[in-house]
Amino acid sequence: MMYPTAKEFPVKKIVAIGPESTGKSNLCAGLAAHYNTLWCPEYARSYLMEYGKDYTYEDLLTIAKGQIASEDRYHLQAQTAARPLLFIDTDMYVMKVWCEFVFNRCPAFILDTIASRKYDLYLLCNTDLPWAPDDLREYPDLKTRETLFGIYRSQLIDQQIPWVEIRGQGPARLQAAIQAVDQLLSA
């Protein structure tokens with residue numbers, strides 16, 4: 001019997017996106033624990049903690065490239081460990097929205113990466129969680145968070161990858177995501 005090599009082992013990539021403080025990191029960690037697999041944290045958090053939150057347009061390109069490199073490392077780890085799922089906190093749609101919302105423009109690298117990378121499912125995290133203060137977060141008001149949620153929703157509507165809106169508090173939120181992942185796996 002032939003076994004697939006790490007580069008041949010298929011790994012479904014599931015991305016959590018949405019505005020700040022919508023539980024993306026907790027959701028990815030919970031899903032990874034539930035499915036006994038890996039998750040890729042948001043690179044921007046470590047970058048901003050190291051360099052400060054007074055970022056520039058050029059910093060966002062650096063963050064985008066760091067996110068891709070981090071995702072690729074976790075993807076290879078998942079392949080090597082024969083884990084069929086990888087949960088990803090943030091992708092280039094988040095970077096695109098961030099660039100356009102703050103700077104009214106977006107680097108071609110981010111747009112090209114959106115067009116070329118393939119994922120299996122998006123989990124769009126709703127703003128129904130209470131705001132959790134954090135030194136790196138910028139938009140505590142619900143109106144801005146809802147505006148950003150609408151932008152993310154529009155991005156997903158205009159692309160081909162399946163997506164599910166994730167709502168609810170605590171275990172109900174995780175259960176909604178598990179249901180979406182189970183549906184993907186049974187298709």
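Cys40 is a good place to begin: this residue is buried, with a relative accessible area of 0%. The model you are looking at is predicted, and its chain has 187 residues, of which 46% are buried. Here is a short tour, starting with the cysteines and moving on to the fold, the surface and two backbone details.

**Cysteines**

- Cys40 does not pair up, because its sulfur lies 8.6 Å from the closest cysteine sulfur, that of Cys28, and this is too far for a bond.
- A disulfide, for comparison, is a covalent bond between the sulfur atoms of two cysteines.
- Searching the whole structure turns up zero disulfides, and Cys28 is likewise in none, with the sulfur of Cys125 as the nearest cysteine sulfur at 7.4 Å.
- Since a disulfide calls for sulfur atoms within 2.5 Å, the 7.4 Å between the sulfurs of Cys28 and Cys125 rules that pair out.
- Cys28 is buried too, at a relative accessible area of 2%.

**Fold and overall shape**

- The chain contains seven helices and five strands.
- Followed along the sequence, these elements come in the order β-α-β-α-α-β-α-α-β-α-β-α.
- The radius of gyration is 16 Å, which agrees with the value near 16 Å for a compact globule of 187 residues.
- Along the principal axes, the C-alpha atoms take up a box of roughly 55 × 35 × 30 Å.
- Among contacts in the chain with a separation of 6 or more, 80% join residues 24 or more positions apart.

**Surface and charge**

- About 9700 Å² of the chain is exposed, and 54% of that area comes from carbon and sulfur atoms.
- The chain carries 19 positive and 23 negative charges, and the mean positions of the two sets are 3 Å apart.

**Two residues with positive phi**

- Most residues other than glycine have a negative phi, which makes the next two worth a look.
- Ala82 is not a glycine, yet its phi is positive, at about 55°.
- You will find Ala82 in the loop that runs between helix 3 (57-80) and strand 3 (85-89), where this alanine is partly exposed, with a relative accessible area of 41%.
- Thr90 is not a glycine either, and its phi is positive at about 90°.
- The loop holding Thr90 lies between strand 3 and helix 4 (92-103).
- Is Thr90 buried or exposed? Thr90 is buried, with a relative accessible area of 2%.

How values were computed: Residues are numbered from 1 along each chain as its sequence is written. This is a predicted model: local features need pLDDT of at least 70, side-chain atom pairs count only at pLDDT 80 or more; totals for chains, interfaces and linings use all residues. Side-chain values use heavy atoms; hydrogens and water are left out. Buried means under 20% relative accessible area, exposed over 50%, partly exposed in between (1.4 Å probe, protein chains only). Helices (H or I, at least four residues) and strands (E, at least two) are DSSP runs, numbered from the N terminus. The radius of gyration is taken over C-alpha atoms; the globule rule is 2.2 Å times the number of residues to the power 0.38. Contact means heavy atoms within 4.5 Å. Accessible areas come from the Shrake-Rupley method with a 1.4 Å probe; for residues, only the protein chains shown count as cover. Lys and Arg count as positive and Asp and Glu as negative; His and the chain ends are not counted. The place of a charge is taken as NZ of Lys, CZ of Arg, CG of Asp or CD of Glu.
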